[in-house]
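Subject: Structure handover and notes

Dear colleague,

I am passing on the structure we spoke about, together with some notes on what was found in it. Please look through the coordinates alongside the text, and tell me if anything reads unclearly.

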Amino acid sequence: MALLVPCPNCGDREFSEFAYGGESNKRPAPGAPSRELARYLFFRKNVAGVQVEWWYHRDGCQRWLLARRDTRSNLIEEAYWPQEREAHRR
């Protein structure tokens, strides 16, 4: 079974067209302590279940998108543009 990423612009595409950008975590505020910045850059939750991740459509529209993926099955439930993040929070 192939892993398909549903690009909001291009439709369902093979994952090999994309570059994985990692988990989507809340960015620390400007001027936050270096400890918070280090946590943001280097530590991951790595959940066994659904998580929101960054994907870059390298071979398509060349845009960054967010995707909700179940790490147990690799099924991507939905994908959306970063500016639509609030509408997709669960």
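The notes below take the strands in turn and end with the surface.

Please keep in mind throughout that this is a predicted model.

The main sheet. Four strands make up an open sheet, arranged in the order E3-E4-E5-E6 and paired in the antiparallel sense. Strand E3 (residues 19–23) and strand E6 are the edge strands, each having a single partner, so that one side of each is left without a neighbour in the sheet. From one strand to the next, the twist averages 30 degrees. As general background, the strands of a sheet are paired through backbone hydrogen bonds, in either a parallel or an antiparallel arrangement.

Within this sheet, strand E4 (residues 50–56) runs antiparallel to E5, and the two are joined by 7 bridges. If you wish to check the register, Val 50 has Asp 70 in E5 as its bridge partner, while Gln 51 stands opposite Arg 69 of the E5 strand.

On the pairing of E5 with strand E6 (residues 76–80), the sense is again antiparallel, and it extends over 4 bridges; here Ala 67 has Ala 79 in E6 as its bridge partner. These two strands, E5 and E6, form a hairpin with 5 residues between them, and in its turn Asn 74 has a positive phi of about 65 degrees.

Why can strand E5 be described as largely enclosed by the rest of the structure? Of the 7 residues in strand E5 (residues 64–70), 6 are buried, and the strand is therefore largely enclosed, where buried means a relative accessible area under 20%.

The hairpin of E1 and E2. Strand E1 (residues 4–7) and strand E2 (residues 11–14) are paired in the antiparallel sense over 4 bridges, and they form a hairpin with 3 residues between them. At one of these bridges, Cys 7 is partnered by Gly 11 in E2.

The helix and the surface. Leu 37 lies in helix H1, which covers residues 34–42. Together with Leu 41, Phe 42 and Phe 43, Leu 37 makes a nonpolar surface patch of about 460 Å². Leu 37 itself has a relative accessible area of 42%, and is therefore classed as partly exposed, since that class lies between the 20% limit for buried and the 50% limit for exposed residues.

With best regards

Definitions and conventions
Residues are numbered from 1 along each chain as its sequence is written. This is a predicted model: local features need pLDDT of at least 70, side-chain atom pairs count only at pLDDT 80 or more; totals for chains, interfaces and linings use all residues. Side-chain values use heavy atoms; hydrogens and water are left out. Patches are made of residues with over 30% relative accessible area and no salt bridge: like charges are joined within 9 Å, nonpolar side chains (Val, Leu, Ile, Met, Phe, Trp, Tyr) within 5 Å. Accessible areas come from the Shrake-Rupley method with a 1.4 Å probe; for residues, only the protein chains shown count as cover. A salt bridge is a side-chain nitrogen of Lys or Arg within 4 Å of a carboxyl oxygen of Asp or Glu. Buried means under 20% relative accessible area, exposed over 50%, partly exposed in between (1.4 Å probe, protein chains only). Two strands pair if DSSP finds at least two bridges between them. Axes are lines fitted to C-alpha atoms, for helices over the stretch in contact, and angles run from 0 to 180 degrees between N-to-C directions.
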